[in-house]
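Good morning, colleagues. Please take a moment to look at the sequence and the model on the screen before I begin.

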Amino acid sequence: MHTDIEQYLNGEMTPEEQAEFERRLESEPGLAADLEKHKAFLERLRTQMLREKIAHTLADPPAPNPWKKRASIAGVLLLLITAAFWFSRKKDPAHPDTFPVKPPTETRQTPAYSDSLPQPAEEEPQTPAPGGNKPGRPIAGIPAPQPKPGTSGVRGQSPQTSDWDRLVESVWATRFDPPPGAWNQRYAPVAELLKAKQFTDAYVQLQLLEQLAPSSDTLFFLKGYCLLELREGAAALRYFEQLPEGTTWREETAWYKTLAWLLNGDRTKALTSAKNIYLNPNHRFRSEAKTLIDTVE
Amino acid sequence: MSKNSRPPSFPDKRSFFEALKSLAPEAIRQLSDQLGGTLYLLPGIYLLSREDMEELRNDALLVTLKKMEEGAFQFQDYNPVSYAQAVARKLLANRLRKRKLETVDLEGQDAVADLDPEQYYIQKETETSLGILLKTLGENCEQVIRLKYYDLLRDQDVVEQQRTPYTSVDSLKSKRSQCLKKLAALLREKGFSFLQFLK
């Protein structure tokens, strides 16, 4: 990178130096082109930082309104008092203006699959998710999603590992052991990076391949797997969902989609998918699916 | 319509617009809430997964804020929510077209005539890669670059406010220059060229 370009863009030149630089810009097309590239590079950088700021802002709930909390507590207390008053009225069936008392219900009907996660208290700030593509708040009108676990990035390196992160960690199982000749030679370098767990490097290579080569099932599978290992559950799902039903990697795809839903906090989908895998006695990831079912349920 | 909306913090349009221009978190959240509620009105939105809908919303927010910054979208033009919805509609049409799904005629979308969704998504992929590579340089590098090129703080202010471990302007500049060189080297190593940033 040209130091003088940096100085010029940062406004660090004296008026004389600036005038001299601008004369050079007119007489040296190469320098002018480099200046434009540098400006464009910084613009792309700024845009990405803005993208991440939006994601963080939406992932971070606003400060709670203390009066709202007090009003909620008061409402709940009023409800309990009313319920206690209602159930305390005893009626006798022998007298026409009385009726039998139903005992208060002590057990709740639990669904076959529990859909609720331990919900954080409304006031607890959620860990902002770094990275450009992490959604935060629910879209207005859609039922609030389950809380998204942890942060994106390499697993285990987040400084604020939640209970959900630990749960995901405990059932996490991936295998990247493709047989020789599993795919076109074009993907061999990326496959090596994935085997070596160099997911960031692999991601960058996959980005390039996506730009240079036509899209293919192999590319979608590899990119989905790479994003999964980078803990980008939502992004991984987008790629896996483009794979056809009869894809070569259908068993891996089914299991990795399960993990991606788990990463996204979508317990219901993760459990349903795991159970479908478990029902197949020959599935490669049957025992992993069983572990997930036992742990999550 | 929205189950999750809060009362607006900026009932006045001008203050809302100005708060968005300065990237105030409350304003971004308000725009997100109001836009989220209108996304359901977009034709074909139901064809997207939940994750894609959220990504679409975030993309629309980003483009709206960038246009405000560039001056392409000014206060006397449209309500920010309407503008963001127009952006979302255009991006959605592009997505659906790519998936060979039925799209809606976009005639009349003058508000965002200069938005090229294809270009936006190509640039987004490059920007995302850039973000990932920047993170691999470590928190210090990310911070010194962010403070200068995103927060647009003067080096003198950064040093005085002790926002970094660097106690002099020269050491801060030197570190930033080092980080940019490393980033450029990383980009070259990974096969990116600066030409990609001109697309």
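Asp52(B) is found in helix 3 of chain B. Please keep in mind throughout that this is a predicted model. Is Asp52(B) buried or exposed? Its relative accessibility is 9%, and under 20% is the cut-off for buried, so Asp52(B) counts as buried.

Asp52(B) has a charged partner: it forms a salt bridge with Arg95(B), and the closest N and O atoms are 3.7 Å apart. Asp52(B) belongs to helix 3, residues 50–70, and Arg95(B) to helix 4, residues 80–98, both of chain B, so the salt bridge ties together parts that lie 43 residues apart in sequence. Arg95(B) is itself buried, with a relative accessible area of 12%. Another pair spans a similar region: Asp52(B) and Leu92(B) are separated by 40 residues in sequence, while their C-alpha atoms are 9.7 Å apart in space.

Let me turn to a second charged pair. Which residue meets the side chain of Glu55(B) in a salt bridge? The partner is Lys124(B), at 2.4 Å from N to O. Here too distant parts of the chain are linked, for Glu55(B) sits in helix 3 of chain B and Lys124(B) in helix 5, residues 117–136, of chain B, 69 residues apart. Both Glu55(B) and Lys124(B) are buried. Through shared partners, salt bridges join Arg238(A), Asp52(B), Glu55(B), Asp59(B), Arg95(B) and Lys124(B) into one network. I would draw your attention to Arg238(A), the member of this network that carries the letter of chain A.

For a pair within one helix, please look at chain A. The side chains of Asp34(A) and Lys37(A) meet in a salt bridge, 3.8 Å from N to O. Why are Asp34(A) and Lys37(A) separated by about one helical turn? The reason is that they are three residues apart in helix 3, residues 29–59, of chain A. Asp34(A) has a relative accessibility of 25% and therefore counts as partly exposed. Over all chains, the count comes to 34 salt bridges.

I move now from charged pairs to the nonpolar interior. In general, nonpolar side chains of soluble globular proteins tend to be buried together. In this model, the largest nonpolar core has 65 residues. Which residues have the most contacts inside it? They are Phe41(A), Leu45(A), Leu56(B), Leu65(B), Val87(B), Ile145(B) and Leu183(B), a list with residues of chain A and of chain B. The largest share of this core comes from helix 4 of chain B, which supplies nine residues.

Leu56(B) deserves a separate word. Leaving aside neighbours within four places in sequence, Leu56(B) is in contact with Leu39(B), Ile45(B), Leu48(B), Ala88(B), Leu91(B), Leu92(B), Arg95(B) and Tyr121(B). Arg95(B), the salt-bridge partner of Asp52(B), is thus among the contacts of Leu56(B). There is also a second, separate core, of 49 residues, which includes Val190(A), Ala202(A), Tyr225(A) and Tyr239(A).

My next topic is helix 6 of chain B. Its residues run from 139 to 149, and Cys141(B), Glu142(B), Val144(B), Ile145(B), Leu147(B), Lys148(B) and Tyr149(B) are buried there. What covers these buried residues? The cover includes helix 1 and helix 3 of chain A, together with helix 5, helix 7 and helix 8 of chain B.

Helix 6 also brings us to the disulfide. The structure holds one disulfide over all chains. It is formed by Cys141(B) and Cys179(B), whose sulfur atoms are 2.0 Å apart. The torsion about the S-S bond is about -80 degrees, so this disulfide is left-handed. The pair links distant parts of the chain: Cys141(B) lies in helix 6 and Cys179(B) in helix 8 of chain B, 38 residues apart. Cys141(B) and Cys179(B) are both buried. In chain A, Cys226(A) counts as buried as well, at 0% relative accessibility.

Finally, an overview of chain A. How many helices and strands are there in chain A? There are twelve helices and zero strands. Of the 297 residues in chain A, 41% are buried. Among contacts in chain A with a separation of 6 or more, 61% are between residues 24 or more positions apart. Chain A exposes about 16400 Å², of which carbon and sulfur atoms supply 55%.

Thank you for your attention.

Key
Residues numbered from 1 in each chain as written. Chains lettered and ligands numbered in written order. Predicted model: local features only at pLDDT ≥ 70, side-chain atom pairs only at ≥ 80, totals over all residues. Heavy atoms only, no water. Salt bridge = Lys/Arg side-chain N within 4 Å of Asp/Glu carboxyl O. Helix = DSSP H or I, 4+ residues; strand = E, 2+ residues; numbered from the N terminus. Buried < 20%, exposed > 50% of the residue type's maximum accessible area, 1.4 Å probe, protein only. Contact = heavy atoms within 4.5 Å. Areas by Shrake-Rupley, 256 points an atom, 1.4 Å probe, with all protein chains shown as cover. Disulfide = S-S within 2.5 Å. Core = buried A, V, L, I, M, F, W, Y, C linked by side-chain atoms within 4.5 Å.
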